[in-house]
Amino acid sequence: MSTLLLRLEGPQQAWGTDSRFEKRFTGRDPTKSGVIGLLCAALGKPRQEQAGDGYPALAELAALRMAVRIDAGGTLESDYHTAGNLHPDGTGGVLMPSGKLRTDPVLSTRYYLACASFLVGLEGERSLLERLHAALRRPVWQICLGRKAFVPSMPVYLFDGLVDESLPAALGRYWPEDGGATREQGGRGMSAPPSQLQVVIDDPDGSSGDVRLDVPRDFAARRFEPRSVRWQMIDRPDAISEED
């Protein structure tokens with residue numbers, strides 16, 4: 001198996017799993033549906049899937065084992081929004097998820113992560129990961145971090161991000177060198193590299209009891225399936241334990 005690494009870093013990110021129109025929540029780390037959606041944008045894969053269209057099948061992308069290393073958890077922030085599209089002649093409005101046209105202004109609170117940084121790993125067959133790696137280098141559509149307005153501040157593509165290693169080994173080898181895990185406290189480059197970082201990783205056994213509804217099965221119909229994950233700490237390769 002091989003592993004593809006992606007850097008997700010920006011001033012704003014949002015990874016929602018349970019949102020209504022008036023309340024747009026975000027998880028504290030990237031969702032699998034969000035990461036797969038980002039890859040589909042890089043490939044130019046339409047939301048409506050068609051057999052034999054030349055793109056990797058959504059089921060094939062969703063089957064990749066995923067892990068997220070939290071280099072900087074960021075801070076949870078929110079914006080207050082109004083939405084409306086009425087024209088002077090009284091036409092227009094906002095189409096709600098129910099399919100009903102709403103003509104009065106719609107108020108919403110939208111949560112997001114500020115100044116967060118994640119290293120995402122996807123484990124699978126090298127041939128598929130090679131295609132995804134190439135797509136991230138020259139994406140067909142704009143890549144965003146959960147919402148269209150949230151663009152990365154650093155390239156998602158890592159030139160050395162495709163490795164013939166297991167998921168945990170790849171995440172442990174590719175380490176921040178500038179104290180990235182404490183950027184929200186001190187800023188880039190103002191602290192030593194951390195000796196440990198948290199990782200949330202797919203857990204096929206489901207022993208942890210942490211379940212998320214974020215495995216995409218049909219983006220057009222907005223259909224998702226559950227995924228079990230577990231949390232663990234990962235050590236920096238050259239970290240030396242200090243004796244008391």
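**Arg212, backbone outliers and model confidence**

Arg212 is buried, at a relative accessible area of 16%. The cut-off for burial is under 20%, so Arg212 qualifies. The model is a predicted one, and Arg212 is placed in strand β10. That strand covers residues 210-218.

Several contacts surround Arg212. Residues up to four places away in sequence set aside, Arg212 touches Asp29, Val200, Glu225, Pro226, Arg227, Val229 and Trp231. Among these partners are two acidic residues, Asp29 and Glu225. Strand β11 spans residues 223-235, and the contact list of Arg212 includes Glu225, Arg227 and Trp231. Thr17 lies 195 residues from Arg212 along the chain, yet the two C-alpha atoms are separated by 7.8 Å.

A second arginine, Arg222, presents another setting. Arg222 sits in the loop between β10 and β11. Its relative accessibility is 63%. Exposure requires over 50%, and Arg222 therefore counts as exposed. The backbone of Arg222 also stands out: phi is positive, at about 55°, although the residue is not a glycine.

Cys115 likewise has a positive phi without being a glycine, with a value near 60°. Cys115 belongs to a strand, β7, which runs over residues 106-124. Arg222, by contrast, is a loop residue.

At the level of the whole chain, the model contains five helices and 11 strands. The chain has 244 residues, of which 43% count as buried. Contacts over long sequence distances are frequent. Of the contacts with a separation of 6 or more, 76% join residues 24 or more positions apart. The exposed surface of the chain comes to about 13,200 Å². Carbon and sulfur atoms supply 50% of that area.

Confidence varies along the chain. The average pLDDT is 85, and 81% of the residues score at least 70. Helix α3, residues 126-137, has the highest confidence, at a mean of 98. The lowest is found in helix α5, residues 183-186, where the mean is 38. Around this helix, pLDDT is below 50 over residues 178-190. The stretch still has 26 contacts in the model beyond near neighbours in sequence. Residues 240-244 also stay under 50. For these residues the model has zero contacts beyond four places in sequence. Where pLDDT is low, predicted coordinates should not be read in detail.

Technical notes. Residues numbered from 1 in each chain as written. Predicted model: local features only at pLDDT ≥ 70, side-chain atom pairs only at ≥ 80, totals over all residues. Heavy atoms only, no water. Helix = DSSP H or I, 4+ residues; strand = E, 2+ residues; numbered from the N terminus. Buried < 20%, exposed > 50% of the residue type's maximum accessible area, 1.4 Å probe, protein only. Contact = heavy atoms within 4.5 Å. Areas by Shrake-Rupley, 256 points an atom, 1.4 Å probe, with all protein chains shown as cover. pLDDT = per-residue confidence, 0-100.
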